[in-house]
Every structure is written in structure tokens, then in C-alpha cells.
Amino acid sequence: MPPKPFRIAVPDAKLESLRQKLEAATLPDELDNAEWQMGVPLDKIKRLTAHWRDRFDWREQERKLNDNFTQFTLPVSVSGFDDLEIHYLHHTSSTVEAIPLLFLHGWPGSFIEATKVIPLLTVGDNNKPAFHVVAPSLPNFGFSSAVKKRGFGLNQYAEAMHGVMMALGYKEYAIQGGDWGAFIARTMARKYPDQVKAIHINFFPMSLPRPWQSPILFFQSLLTVPFSSEKKAYLATILQYITKGSGYLIQQSTRPQTIGYALQDSPVALLAWIYDKLHQWADDYPWTDDEILTWVSIYLFSTAGPAASTRIYYESSEDGSTWETTSKPAPAGVKVGVAQFKKELMKYPLSWTQMLGSVVQATEYPRGGHFAAWEVPDLLVDDVKSFFSKGGPAYEAVLGKDGF
């Protein structure tokens with residue numbers, strides 16, 4: 001089936017339901033001077049709830065997305081599952097030899113993260129490449145369809161995303177991904193090395209050993225291995241994440257259905273759950289209220305509903321695909337580029353990136369956080385373009401001698 005043009009059109013009834021729920025919302029108290037130590041401060045949620053109820057204009061955000069970005073849906077087959085309807089942005093460059101690039105988001109992101117980088121990626125010059133950008137909503141996210149059957153882990157996400165690129169006629173392509181997008185990119189590199197010629201990731205957990213599965217063993221190793229103070233500083237970010245920032249990970253990896261009731265029924269619960277990460281994982285990015293509420297509204301109005309997005313944690317943990325992805329390198333023929341930003345969740349010495357596969361570019365940046373495509377789109381795009389530029393380490397990796 002050919003792609004179908006798509007425009008976001010949230011029914012009026014959903015907007016009215018949201019208004020009523022915000023009107024009826026009851027909020028907890030909080031301890032004095034709690035600030036951010038125990039979660040999102042009460043005054044932040046009060047302000048955002050009032051703005052969402054009284055001033056936020058979803059129709060305006062919907063119009064901007066529809067008018068500025070070309071959207072489609074496409075049916076994709078995944079072995080053992082019903083066909084999925086995948087929503088995606090598709091912007092082609094006027095440069096004839098532009099490189100096909102699959103942009104993959106994670107949680108709590110969405111296709112919206114691509115909207116800042118698409119205008120930068122689709123233009124090039126004599127030395128820097130341009131890209132044809134495909135930015136899907138992952139299954140269970142955004143305006144892609146829901147998965148209705150157990151067992152949809154990283155291998156299935158990889159199959160679905162590869163199916164999109166094959167359906168669009170891109171027989172060779174590159175991938176850029178952060179968060180789950182980086183996990184899926186690494187999985188796709190292993191499964192489809194004849195088509196996935198290069199991946200660029202800005203998040204790269206690795207099993208050395210598995211810090212989120214064996215934290216005691218991991219930190220015992222720090223006492224026996226003579227790490228430098230610089231390397232210990234990197235690893236301290238992992239300890240901080242495990243001890244102070246991974247509660248959501250444990251919940252969504254073990255009991256996603258339980259938290260799903262709150263996320264589905266209460267827009268305020270969904271707001272707090274997502275805003276906590278937008279604040280904590282960004283590098284002092286000056287989020288506006290409209291930005292926050294647009295991100296959260298995409299989850300609230302998503303085709304599958306906000307609870308569905310948490311299942312990637314459970315399924316990828318249960319089937320072992322998370323462990324497989326973090327412990328196995330990409331095939332030697334796939335070029336790998338890495339960008340590590342200042343406030344990433346878990347930071348590693350760049351010298352360790354060689355365990356990811358054929359890493360030919362690894363760069364550390366003094367600003368930016370987990371949402372690099374949104375926070376510092378200029379830096380992320382420059383890094384991607386350097387990766388593929390003339391004289392760059394992945395030049396001609398995708399299109400060979402017929403490259404840009």
C-alpha cells in the first residue's frame with residue numbers, strides 16, 4: 001500500500017475531556033523546601049495545569065505541525081504481529097545525492113524532536129551533506145498504531161522501522177538515534193547490515209558489566225580497577241542515575257500496566273511523569289510552558305494512548321533484547337558515530353566506545369543534555385554532517401561512489 005498523507009486532527013471531544021479533567025484535578029501537598037529533590041515541585045504543576053486548562057492552544061500547535069511538516073502513514077508488517085500503521089514525517093532534500101536518514105526518537109520524546117533538525121539536515125553544500133529525513137512515530141507512540149500482542153521488543157521495533165525505509169524505496173540508509181532510538185539503531189545495524197550502512201547515536205549504554213542489572217558488581221569493580229579520576233567522574237553519572245534517577249525505569253520495566261492507569265486517566269499525572277524527565281535530563285534548557293505541554297499532549301492524544309509507550313521497557317527487558325543490544329557490537333561493516341553531551345544520563349569514557357563496533361567518530365560536547373535534537377540541534381546536526389562530510393569518517397558509507 002502506498003503512503004497516505006496525514007494531518008493531526010484531535011477530536012473536539014478529547015479536548016473537552018482534557019479541560020474537564022484539568023478543572024477537576026486535585027493535587028497533593030508537599031514538604032517545605034522540597035524543591036526538586038522529591039520530584040516535580042507543586043508550584044510548577046499548579047502553573048502548568050492552569051496554563052494547560054486556560055491558555056494553552058493545542059489547535060495552534062496542531063496547525064504548526066501540520067503546516068510545517070509533511071506527514072504520512074504507511075502499513076508495515078512485523079513477523080508474528082498484525083500489520084501496523086506507522087506515522088512519520090518525510091522531508092526530502094533538493095540535493096539529488098542526499099543521504100537517506102532515519103531519525104528515531106525515544107521516551108519521553110516523540111517525532112516532535114525531529115522538527116528542529118529537519119530544516120538543518122535537508123540542506124547541504126559542497127563539503128557538508130544533505131539528507132532525506134524520515135522521522136517516524138515508533139509503534140505505541142505518537143500517531144502510529146498500538147501493538148495489541150505481547151512480545152514486541154527491540155527486534156520487532158527494528159523490523160518495523162526497517163520496513164518503513166524499505167517501503168519508501170531506501171535500499172541503503174543511515175540512522176540517527178537517542179534514547180530508545182539509539183537502542184533500535186544498534187539493533188537494526190546488527191539485523192540489517194546490508195542496508196544500514198552507518199549509525200549515529202547520542203546515547204550508548206553498554207554492559208561493563210550491566211550497571212542497571214548488577215549495580216553492586218559494577219561498583220565493586222571500581223574498587224579493583226585503577227580508573228582515573230576522569231573516568232570515575234563519568235561513572236559517577238551512572239551511579240547517580242541508578243540511585244536517584246531510575247525509578248521510572250524500574251516501574252516501566254516491571255509493572256507498566258500499573259502506572260498506565262494514572263497516565264491514561266489523569267492528564268496531571270502524565271504531565272508530572274514526563275515533565276520530571278524533561279527537567280532532570282536537560283542541560284538547563286529553558287523549556288517554555290507551551291513546549292512542555294505540546295510534548296505531553298502528543299502522549300495524551302496519541303493513537304495508542306500514553307500507557308502503551310511504557311511497554312517498550314517491559315518487553316525489551318523480558319525478551320533480553322536490551323541486554324543483547326548493549327553487549328554486542330555492530331557489524332564491522334557498519335560505521336558508527338557517537339556524540340556525548342554534557343548532561344547525558346549515563347556517561348562513559350569515549351575510549352570505551354570502541355566496544356560498540358567500528359566507531360570512527362566520537363565527540364564530547366560541553367553543553368546539551370539527553371534531548372540533544374531539541375536542546376542543541378545545531379551541535380547534533382553539525383556532528384552528523386561531520387560524520388558524513390567529504391573527508392569525514394563515514395563519507396560514501398551509504399551511497400558509495402554515487403554519494404553527495
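## A tour from Lys-197 outwards

Start by selecting Lys-197: this residue is buried yet has no salt bridge, and the nearest side chain of opposite charge, Glu-172, is 4.2 Å away. Keep in mind as you look that this is a predicted model. The cut-off for a salt bridge is within 4 Å, so the pair with Glu-172, at 4.2 Å, does not count as one.

Now show what surrounds Lys-197. Setting aside neighbours within four places in sequence, its contacts are Glu-172, Tyr-173, Gly-333, Val-334, Lys-335, Ala-397 and Val-398.

Which strand does Lys-197 lie in? Colour S7 and you have it: Lys-197 is part of that strand, which covers residues 196-201.

Next, select residues 173-177, strand S6. This one is mostly covered, with 5 of its 5 residues buried. Turn on the side chains and look along the strand: Tyr-173, Ile-175 and Gly-177 point one way, while Ala-174 and Gln-176 point the other way. That is what you would look for, because side chains in a regular strand alternate between the two faces of the sheet.

Stay on S6 and check what pairs with it:

- S7 runs parallel to S6, and 5 bridges join them. Tyr-173 has Val-196 as its bridge partner in S7.
- S4, residues 99-104, also runs parallel to S6, joined by 4 bridges. Here Leu-101 stands opposite Ala-174.

To see how the chain gets from S6 to S7, add helix H6, residues 180-191. Together S6, H6 and S7 make a right-handed β-α-β unit.

Time to zoom out and colour the whole sheet. What is the order of its 9 strands? Reading across, you get S1-S2-S3-S5-S4-S6-S7-S8-S9, in an open sheet with mixed pairing. The edge strands are S1 (4-5) and S9 (358-364), each of which pairs on one side only.

Go to the S1 edge. Strand S2, residues 71-76, pairs with S1 in the antiparallel sense over 2 bridges. Pick Lys-4 and you'll find that its bridge partner in S2 is Thr-73.

For a last stop, select residues 229-245, helix H8. Put a distance between its end C-alpha atoms: they are 23 Å apart, which agrees with the 24 Å that its 17 residues should span at 1.5 Å a residue. Then pick out the buried residues of H8, namely Tyr-234, Leu-235, Ile-238, Tyr-241, Ile-242 and Gly-245.

Notes. Residues are numbered from 1 along each chain as its sequence is written. This is a predicted model: local features need pLDDT of at least 70, side-chain atom pairs count only at pLDDT 80 or more; totals for chains, interfaces and linings use all residues. Side-chain values use heavy atoms; hydrogens and water are left out. Buried means under 20% relative accessible area, exposed over 50%, partly exposed in between (1.4 Å probe, protein chains only). Two strands pair if DSSP finds at least two bridges between them. A crossover is right-handed if, with the strands pointing away from the viewer, the path from the first strand over the helix to the second runs clockwise. Lys and Arg count as positive and Asp and Glu as negative; His and the chain ends are not counted. Contact means heavy atoms within 4.5 Å. The expected span of a helix is 1.5 Å times one less than its number of residues.
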